[in-house]
Amino acid sequence: MLGLRRSPRIETERLTLRLPQHSDYTGWAGLRARSADFLQPWDPIWAPDHLTRRAFSNRVGWSSRSAVEGSALPLVLIRREDQVLVGAITLDNIRRGPAQVGTLGYWVGEPFARKGYMREAILGLTHHAFTVLDLSRLEAACLPENAASRGVLEKCGFKYEGVAQSYLQIAGRWRNHVLYSNLRNDRRGRTGAG
C-alpha cells in the first residue's frame, strides 16, 4: 500500500536497533541523566528541557519523519535479553544523488560502555546502510582525545581521513574533530591515525 512503510529494525547479536517510541522515554531520560557526567564532555550543551517528556516526544516525531523522508535513521539500542535501552545511534544527513553518503553519530550510557554494544550497533547500521539503503560512504567525526570513540570506529572499519577545524560546538566551545569514513567498496587498507 502507498503511504505505509515498514519501520526499520536491525538485529545484531545482542541488540535490536529501532526507531524510538514514546514508551522509551523513562529508560532514555533515566540513562541520560545517570550518564550525564560521562556524556556531556563529548556533547553539545544540553538544552534546559533536554530530559523532559516533551523534548523526547519531539525527538520521537523527528525520528519518524526523518526515517520516512529518508534524511536520517535515528535508532535506539535495545538489549534483547531484558529490553533495556543502552544508547542510540543515528545515521544523519543522508544525501542522495551523486553523493550517496550519511553521517554517523552515537552514544552509549555509562553502565554499558566498553561492553561491545556500540561496536555491534555500528557494524549493524553500517551493513544496513550499504546493503539496504544503498549508500556508498559513511562518515563519522569525534574529538581527537576521545580514544574510546576513535577505537570503536577503527574496529568497525572506519579509516582516519584528517582533521576538521572548529567542526562542532561541544560543551560550549568550537572544537576540532578527527574525521573517519567507511566506504562500501573500500580498497584503501589501513590508514594512519593523526
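This report covers two helix pairs and four buried residues in a predicted model.

## Helices α1 and α3

Helix α1 spans residues 25–34, and helix α3 spans residues 53–69. The two pack at an angle of about 115°. Their axes lie 10 Å apart. That angle makes α1 roughly perpendicular to α3. The crossing of the pair is right-handed.

From α1, the contact uses Tyr25, Thr26 and Trp28. From α3, it uses Arg53, Phe56 and Arg59. By class, three residues of this contact are nonpolar, one is polar and two are charged.

## Asp24, in the loop before α1

Asp24 sits in the loop between β2 and α1. Its relative accessibility is 8%, so Asp24 counts as buried; the cut-off for buried is under 20%.

Asp24 also has a link to helix α3. Phe56, one of the α3 residues that meet α1, is in contact with Asp24. In sequence, Asp24 and Phe56 are 32 residues apart. In space, their C-alpha atoms are 8.9 Å apart. Leaving aside neighbours within four places in sequence, Asp24 is also in contact with Arg18, Leu19, Val76, Ile78 and Leu85.

## Thr16, in strand β2

Strand β2 covers residues 15–18, and Thr16 lies in it. Thr16 is buried, with a relative accessible area of 5%. Its side chain makes a polar contact with the side chain of Glu11, at 2.8 Å.

Neighbours within four places in sequence are left aside here. Thr16 is then in contact with Arg9, Ile10 and Glu11. Further along the chain, Thr16 is in contact with Val76, Leu77, Ile78 and Arg80. Val76 and Ile78 are also among the contacts of Asp24.

## Thr103, in strand β5

Thr103 has its place in strand β5, which runs over residues 101–108. With 16% relative accessibility, Thr103 counts as buried.

Which residues does Thr103 touch, not counting residues up to four places away in sequence? They are Thr90, Leu91, Asp92, Asn93, Arg95 and Glu139. Arg65 is not on that list. Thr103 and Arg65 are 38 residues apart in sequence, and their C-alpha atoms are 17 Å apart in space. Arg65 falls within the residue range of helix α3, 53–69.

## Helices α4 and α5

Helix α4 takes in residues 117–131, and helix α5 takes in residues 147–155. They pack at an angle of about 45°, with their axes 9 Å apart. The two helices are therefore oblique to each other. In passing α5, α4 makes a right-handed crossing.

Met118, Arg119 and Ile122 supply the α4 side of the contact. Val152, Leu153 and Lys155 supply the α5 side. Of these residues, four are nonpolar, none is polar and two are charged.

## His177, in strand β8

His177 belongs to strand β8, residues 173–183. At 2% relative accessibility, His177 counts as buried. A polar atom of its side chain lies 3.1 Å from the backbone oxygen of Arg175.

What surrounds His177, leaving aside its neighbours within four places in sequence? One run of contacts is Ala141, Cys142, Leu143 and Pro144. Another is Gly162, Val163 and Ala164. Tyr167, Leu168 and Ile170 complete the list.

Notes:
Residues numbered from 1 in each chain as written. Predicted model: local features only at pLDDT ≥ 70, side-chain atom pairs only at ≥ 80, totals over all residues. Heavy atoms only, no water. Axes fitted to C-alpha atoms, helices over the stretch in contact; angles between N-to-C directions. Helix = DSSP H or I, 4+ residues; strand = E, 2+ residues; numbered from the N terminus. Parallel < 35°, antiparallel > 145°, perpendicular 65-115°, else oblique. Left-handed = near helix turned anticlockwise from the far one by under 90°. Contact = heavy atoms within 4.5 Å. Nonpolar A, V, L, I, M, F, W, Y, C, P; charged D, E, K, R; others polar. Buried < 20%, exposed > 50% of the residue type's maximum accessible area, 1.4 Å probe, protein only. Polar contact = N/O pair within 3.5 Å; in protein donor to acceptor, adjacent residues only side chain to side chain.
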